[in-house]
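Here is a walk through one structure, picking out a few strands, a pocket and some single residues. Keep the model open and turn it as you read.

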Amino acid sequence: MDNLNEQAGKLLKQYNFRQTATRLSVLRSFLESSHALSHQCLETILGAHFDRVTIYRTLISFIDAGILHKIPDSAGSPKYALCGEGNCLAGNHQDHHIHFACNQCKQTFCIEETIIPQIQIPPCYIISKVNFLVEGICKDCSESQIS
């Protein structure tokens, strides 16, 4: 068993999921990726081996468990990324970092070293979730423009 399958298997065990081919393949895709993935991107990566609905249900169950977090995308299609190690629990996501969407390569990245500042809202409003999406040109695309 290679290292990525081993990592995926450990994550599934940690969150009390049975190891199925779909779950292992979906987690492996996220472990291999340096950026967030959309449902459509996962379908392309996994090919015709897995049903579209099964992939979607897997994503939702991983979000509910605290393995993945959902990133709203300016194009209207959400993307998903692994939660920080041990940061999230079922129903209690603690991914308080910004997300960066590159206008050039169209990838979305978690920028974990930049924390979302505390947001002050008027009394009687209750915040349940904060999404902070920054758009621009990512490091790789900006470096390729300079070269």
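A residue counts as buried when its relative accessible area is under 20%, as exposed when that value is over 50%, and as partly exposed in between. With a relative accessible area of 1%, Leu37 is therefore buried. Keep in mind that what you are looking at is a predicted model.

**Around Leu37**

Leu37 sits in strand β1, which covers residues 37-38. Who surrounds Leu37, once neighbours within four places in sequence are set aside? The contacts are Ser29, Phe30, Leu42, Ile45, Lys79 and Tyr80. Tyr80 shows up again in the strand pairing, since Leu37 stands opposite Tyr80 in β3. His49 is another story: Leu37 and His49 are 12 residues apart in sequence and 18 Å apart in space, going from C-alpha to C-alpha.

**The sheet and the hairpin**

Strands of a sheet pair through backbone hydrogen bonds, either parallel or antiparallel. Here, β1 belongs to an open sheet of 3 strands in the order β1-β3-β2, with antiparallel pairing. Because β1 and β2 stand at the edges with a single partner strand each, one side of each has no neighbour in the sheet. The pairing of β1 with β3 runs over 2 bridges.

Next up is a hairpin, made of β4 and β5 with 5 residues between them. Strand β4 spans residues 97-102 and strand β5 spans 108-115, and the two pair in the antiparallel sense over 5 bridges. If you want one bridge to find on screen, Ala101 has Thr108 in β5 as its partner. In the turn, Lys106 has a positive phi of about 70°.

Thr108 also turns up among the contacts of Asp73, a residue in the loop between β2 (68-71) and β3. Not counting residues up to four places away in sequence, Asp73 touches Pro78, Lys79, Thr108 and Leu133. Is Asp73 buried or exposed? Its relative accessible area is 17%, so Asp73 is buried.

**The second largest pocket**

This pocket has a volume of about 260 Å³. Of its 14 lining residues, those closest to the centre are Ser33, Ser34, His35, Ala81 and Cys110. Helix α2 (21-32) and strands β3 (79-82) and β5 each supply at least two residues of the lining. The largest share, 5 residues, comes from β5. By type, the lining divides into 9 nonpolar, 4 polar and 1 charged.

**Loops and a helix**

Two loop residues other than glycine have a positive phi. Asn16, with phi near 60°, is in the loop between α1 (3-14) and α2. Cys124, with a positive phi of about 80°, lies in the loop between β5 and β6 (133-136).

Ser142 is in helix α5, residues 139-146. A polar atom of the Ser142 side chain lies 3.0 Å from the backbone oxygen of Lys139. Ser142 and Asn5 are 137 residues apart in sequence and 33 Å apart in space, C-alpha to C-alpha.

Here is how these three residues come out for accessibility:

| Residue | Relative accessible area | Class |
|---|---|---|
| Asn16 | 72% | exposed |
| Cys124 | 83% | exposed |
| Ser142 | 26% | partly exposed |

Methods
Residues are numbered from 1 along each chain as its sequence is written. Side-chain values use heavy atoms; hydrogens and water are left out. Helices (H or I, at least four residues) and strands (E, at least two) are DSSP runs, numbered from the N terminus. Buried means under 20% relative accessible area, exposed over 50%, partly exposed in between (1.4 Å probe, protein chains only). Contact means heavy atoms within 4.5 Å. Two strands pair if DSSP finds at least two bridges between them. A polar contact is a pair of N or O atoms within 3.5 Å; within protein, one must be able to donate a hydrogen and the other to accept it, and residues adjacent in sequence count only if both atoms are side-chain atoms. On a 1 Å grid over the protein atoms alone, a cavity is a set of points where a 1.4 Å probe fits but cannot get out, and a pocket is an open set with protein on both sides within 12 Å along at least five of seven lines; lining residues have an atom within 4 Å of a point. Grid points are joined across faces, edges and corners, and a volume is the space filled by probe spheres set on the points. Ala, Val, Leu, Ile, Met, Phe, Trp, Tyr, Cys and Pro count as nonpolar, Asp, Glu, Lys and Arg as charged, and the others, Gly among them, as polar.
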